[in-house]
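These are my notebook entries on the empty spaces in this model and on what lines them. I begin with the enclosed spaces and then turn to the open one, the recorded spans and the confidence.

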Amino acid sequence: MVRVLRSCIQSILKLVNSVIGMAGLAMILYSAWMIRVWQRKMGDLPFDHDSDYPPPWFIYTFLGLGAAFCVVTCLGHVAAETANGCSLYLYMVFVVLLLMLEAAITVDVFVNQDWEKDFPMDPSGSFDKFKNFIRSNYEMCKWVGLFLVSVQGLSLLLAMILKALGPHQYYDSDDEYAPDRVPLLKNAPPQYVVVDPGYAHGNDAWNRSNR
């Protein structure tokens, strides 16, 4: 029963974890598109240190978050497949850090009225475009954000349950196979021991001398 439950939780964790990976890939693709736009407008890549413009921090941040989501996804698949305690702990730490980062940004946006001043100027203008897109599609973005946070929370819960169930048992105790071995022992043919006659007569002589 425990083995079946563990397999089901592993499959669900892989499925839920894939949603985080798809979100990370979408962020990386969006970052690649922003890099292409920057290159067409400025004539060079945003990673060029010789550029006269300040670095576009929004592109860096989005690309880093997408890469972090993909790393967490790979780690989650390894942890779900092996059900190893160390991998599960590491996966849970990364998910908790992502949740804390998202919670801090959300609180800053909703509590601080001047939250835009906390971010530096983005020379690429991608931050302003992204901000305007969220404002014009607030309901959709709100549900997408809630869905991603719920997926991360569910993956954290599944990892905790999988850690509580323990790793796979690649061996079974002797008690489970004891009933199957007993009939084999009962039906086994009798074993005969061949003794050297000289050795047997020698023992009889030694016993008589002792008497």
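Entry 1, the largest cavity. I looked up its lining and found Met-34, Val-37, Trp-38, Lys-41, Met-42, Ser-124 and Ser-126. The structure is a predicted model, and in it I find about 40 Å³ of space in this cavity. Helix H1 gives the most to the lining, with 5 residues. Sorted by class, the lining of the largest cavity has 4 nonpolar, 2 polar and 1 charged residues.

Entry 2, the second largest cavity. I asked how many cavities of 30 Å³ or more the count comes to, and I noted 2. The second largest has a volume of about 30 Å³, and I list Trp-33, Met-34, Val-37, Ser-126 and Lys-129 as the residues that line it. H1 and H4 each supply at least two residues of that lining, and the largest share, 3 residues, comes from H1. By class I record 3 nonpolar, 1 polar and 1 charged residues for the second largest cavity. Reading the two lists together, I see that Met-34, Val-37 and Ser-126 appear in both linings.

Entry 3, the largest pocket. Which residues lie nearest the centre of the largest pocket? I wrote down Phe-62, Phe-130, Ile-134, Cys-141 and Gly-145, out of a lining of 36 residues. The space in this pocket comes to about 1800 Å³. I then checked which helices contribute, and H1 (2-42), H2 (57-82), H3 (85-111), H4 (126-136) and H5 (138-165) each supply at least two residues of the lining. For any later work on the pocket I keep its class count at hand, which is 29 nonpolar, 3 polar and 4 charged residues.

Entry 4, the aromatic pairs. I found 9 aromatic pairs in the structure. I looked at one of them, formed by Trp-57 and Phe-127, which is tilted, with 5.3 Å from centre to centre and 50° between the planes. This pair links distant parts of the chain, since Trp-57 sits in helix H2 and Phe-127 in helix H4, 70 residues apart.

Entry 5, the recorded spans. I consulted the unreviewed UniProt entry, which lists residues 12-37, 57-76, 88-111 and 143-162 under "transmembrane region". I checked two of these spans against the model. Over residues 57-76 the chain is 100% helix and 0% strand, and I read 28 Å between the end C-alpha atoms. Residues 88-111 are likewise 100% helix and 0% strand, with their end C-alpha atoms 34 Å apart.

Entry 6, the confidence. I noted an average pLDDT of 77 for the chain, with 73% of the residues scoring at least 70. Over residues 170-182 the pLDDT is below 50, and beyond near neighbours in sequence I count 3 contacts for this stretch in the model. Where pLDDT is low, predicted coordinates should not be read in detail. I therefore leave such coordinates without a detailed reading.

Technical notes: Residues numbered from 1 in each chain as written. Predicted model: local features only at pLDDT ≥ 70, side-chain atom pairs only at ≥ 80, totals over all residues. Heavy atoms only, no water. 1 Å grid on protein atoms, 1.4 Å probe; cavity = no way out; pocket = protein on both sides within 12 Å on 5 of 7 lines; lining within 4 Å. Points joined across faces, edges and corners; volume = space filled by probe spheres on them. Helix = DSSP H or I, 4+ residues; strand = E, 2+ residues; numbered from the N terminus. Nonpolar A, V, L, I, M, F, W, Y, C, P; charged D, E, K, R; others polar. UniProt positions renumbered as here; feature names shortened; annotations may be inferred. pLDDT = per-residue confidence, 0-100. Contact = heavy atoms within 4.5 Å. Phe/Tyr/Trp six-rings, centres within 6.5 Å; stacked < 30°, edge-to-face > 60°.
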